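Work through the exercises below with the sequence and the 3D structure at hand. Each task is followed by a solution in steps.

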Amino acid sequence: MASVIHVETNKKYDVEVGAGLLLTCGDKIKAITGTCRAAIITDSNVSKLYLNKVEKSLEQAGFNTDSFVFKAGEGSKNIETLSDILEFLAENNYTRTDILVALGGGVVGDITGFAASVYLRGVRFVQLPTTLLAMVDSSVGGKTAVDLKAGKNLAGAFYQPEVVLADTETLKTLNRQELANGFAESIKYGVLFDKKLFDLFDCDLDDEKLERAISECIAHKARVVKNDEFDLGERKLLNLGHTIGHAIEKCSGYATPHGHAVAAGMAMIARASEKMGLAEAGTSEKIEKMLLRYNLPVDCDIYEDKELYFTSLGDKKREGGSITLVIPEKIGGSVLRKEAVADLEKYITLGKKGN
Ligand SMILES: NC(=O)c1ccc[n+]([C@@H]2O[C@H](COP(=O)([O-])OP(=O)(O)OC[C@H]3O[C@@H](n4cnc5c(N)ncnc54)[C@H](O)[C@@H]3O)[C@@H](O)[C@H]2O)c1
Ligand SMILES: [Zn+2]
């Protein structure tokens with residue numbers, strides 16, 4: 001049984017979650033956009049698994065399709081690939097009435113959304129997320145971006161999709177590491193807003209429970225995005241674990257995957273918050289146990305405190321001399337806390353297990 005979550009931003013759209021949605025994606029997209037030309041943007045792994053299925057479904061529904069496949073991985077989420085996509089659309093005479101279809105994980109979704117936001121000053125696009133991370137996080141809420149040499153996601157736009165269709169069947173081909181990445185972001189919603197959801201991740205998740213968990217994560221994201229589409233307040237809560245996490249990712253030269261870095265960042269900020277008396281006793285232990293259940297890291301001992309601190313200074317969440325941190329006060333309740341940038345080092349130090 002598929003579930004539908006309604007997202008209300010300046011654009012209103014649905015996120016559908018269920019098994020087998022790629023098979024019927026053509027008709028579902030047609031119901032929203034009508035038939036037109038559809039450029040499917042995907043990566044070299046996902047294309048082998050799902051491109052045929054999506055092409056077929058779209059063609060059967062009356063779309064004329066083209067596909068653009070780029071090399072899988074974060075390394076492709078850059079201006080060069082963006083430029084290649086835009087040139088591809090222009091060479092093939094795509095017009096403002098046509099659509100882009102993002103088929104893949106967060107890398108595909110982010111770059112396709114950004115391409116859609118700038119091509120001809122904006123064409124419509126749809127998200128077909130195929131990773132857990134993309135389903136619960138990146139495909140919903142309209143943040144699109146590419147990485148610059150100076151850091152991740154430094155060029156982008158807020159640009160919402162027409163619809164998001166999350167086919168949970170696609171998760172069966174994801175490897176354990178990629179699944180764990182998505183679980184880090186999923187567990188984050190439990191820590192932030194919802195103890196019941198947090199506890200659900202402590203169960204053995206069968207297909208039905210996993211679909212429920214995904215839908216609930218999306219519902220949390222949809223609520224936050226509705227209240228704060230442009231990241232001026234409440235939406236910053238979704239950055240739990242991300243300030244230290246981004247520093248870890250960057251220090252590793254992006255060898256540490258996003259979700260793994262966020263997991264370590266989340267465990268560290270929880271530990272530091274508890275030591276500083278900002279979080280309920282036992283919170284960090286609960287978070288740590290849950291992350292370990294999904295084989296996620298809960299500490300970062302390979303980089304010096306100073307290295308992590310100086311790396312995090314480039315973080316785009318910094319506002320002049322201060323930085324807004326997300327403090328998990330307890331499971332299911334977190335707050336934003338503005339700190340002087342210099343105090344971040346204290347959080348990093350206290351966040352490490354041995355300290
Ligand atoms: N826009 C947002 O709000 C937002 C939020 C969180 C993360 N992100 C971005 O998302 C990106 C990470 O997303 P990701 O973890 O999905 O990475 P990804 O897109 O690189 O996918 C991970 C890997 O899994 C492969 N893959 C995808 N679907 C598959 C499937 N069903 N079966 C087998 N293999 C599959 C991909 O080819 C890739 O190798 C980062 O760039 C991050 O910045 C964006
Ligand atoms: Zn993230």
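**Exercise 1.** How many cavities of 30 Å³ or more does a search of the whole structure find?

*Solution.* Note at the start that the model is predicted.
Step 1. The search of the whole structure finds 1 cavity of 30 Å³ or more.
Step 2. The volume of the largest cavity is about 80 Å³.
Step 3. Its lining residues are N239, L240, G241, H242, T243, I244, G265, I269, T324, L325 and V326.
Step 4. Match these with the secondary structure: α9 (242–251), α10 (258–275) and β11 (322–330) are the elements that give two or more residues to the lining of the largest cavity.
Step 5. Sort the lining by class: 5 residues are nonpolar and 6 are polar, with no charged residues.

**Exercise 2.** Describe the second largest pocket and find which element gives the most to its lining.

*Solution.*
Step 1. The volume of the second largest pocket is about 250 Å³.
Step 2. List the lining: A19, T168, E169, L171, K172, L179, F183, L205, D207, E208, L210 and E211.
Step 3. Two or more residues of this lining come from each of α6 (176–193) and α8 (207–227).
Step 4. The element that gives the most is α8, with 4 residues.
Step 5. By class, the lining of the second largest pocket holds 6 nonpolar, 1 polar and 5 charged residues.

**Exercise 3.** Which residues come nearest to ligand 1, and what area of the ligand does the protein cover?

*Solution.*
Step 1. There are 25 residues around ligand 1, and the nearest are E74, G106, T130, T131 and T173.
Step 2. Look at the contacts of two of these residues. In E74, a polar side-chain atom lies 2.6 Å from an oxygen atom of ligand 1. In G106, a backbone N or O atom is 2.7 Å from an oxygen atom of ligand 1.
Step 3. Add D43, where an N or O atom of the side chain is 2.7 Å from an oxygen atom of ligand 1.
Step 4. On its own, ligand 1 has 860 Å² of accessible area, and the protein covers 90% of this.
Step 5. Trace the shell to its elements: α2 (46–60), α4 (106–118), α5 (132–138) and β8 (151–158) are those that give two or more residues to the shell around ligand 1.

**Exercise 4.** How many residues of each class are in the shell around ligand 1?

*Solution.*
Step 1. Count the nonpolar residues in the shell: 7.
Step 2. Count the polar residues and the charged residues in the shell: 9 polar and 9 charged.

Notes: Residues are numbered from 1 along each chain as its sequence is written. Chains are lettered from A and ligands numbered from 1 in the order in which they are written. This is a predicted model: local features need pLDDT of at least 70, side-chain atom pairs count only at pLDDT 80 or more; totals for chains, interfaces and linings use all residues. Side-chain values use heavy atoms; hydrogens and water are left out. A residue is near a molecule or strand if one of its heavy atoms lies within 4 Å of it. A polar contact is a pair of N or O atoms within 3.5 Å; within protein, one must be able to donate a hydrogen and the other to accept it, and residues adjacent in sequence count only if both atoms are side-chain atoms. Accessible areas come from the Shrake-Rupley method with a 1.4 Å probe; for residues, only the protein chains shown count as cover. Ala, Val, Leu, Ile, Met, Phe, Trp, Tyr, Cys and Pro count as nonpolar, Asp, Glu, Lys and Arg as charged, and the others, Gly among them, as polar. On a 1 Å grid over the protein atoms alone, a cavity is a set of points where a 1.4 Å probe fits but cannot get out, and a pocket is an open set with protein on both sides within 12 Å along at least five of seven lines; lining residues have an atom within 4 Å of a point. Grid points are joined across faces, edges and corners, and a volume is the space filled by probe spheres set on the points.
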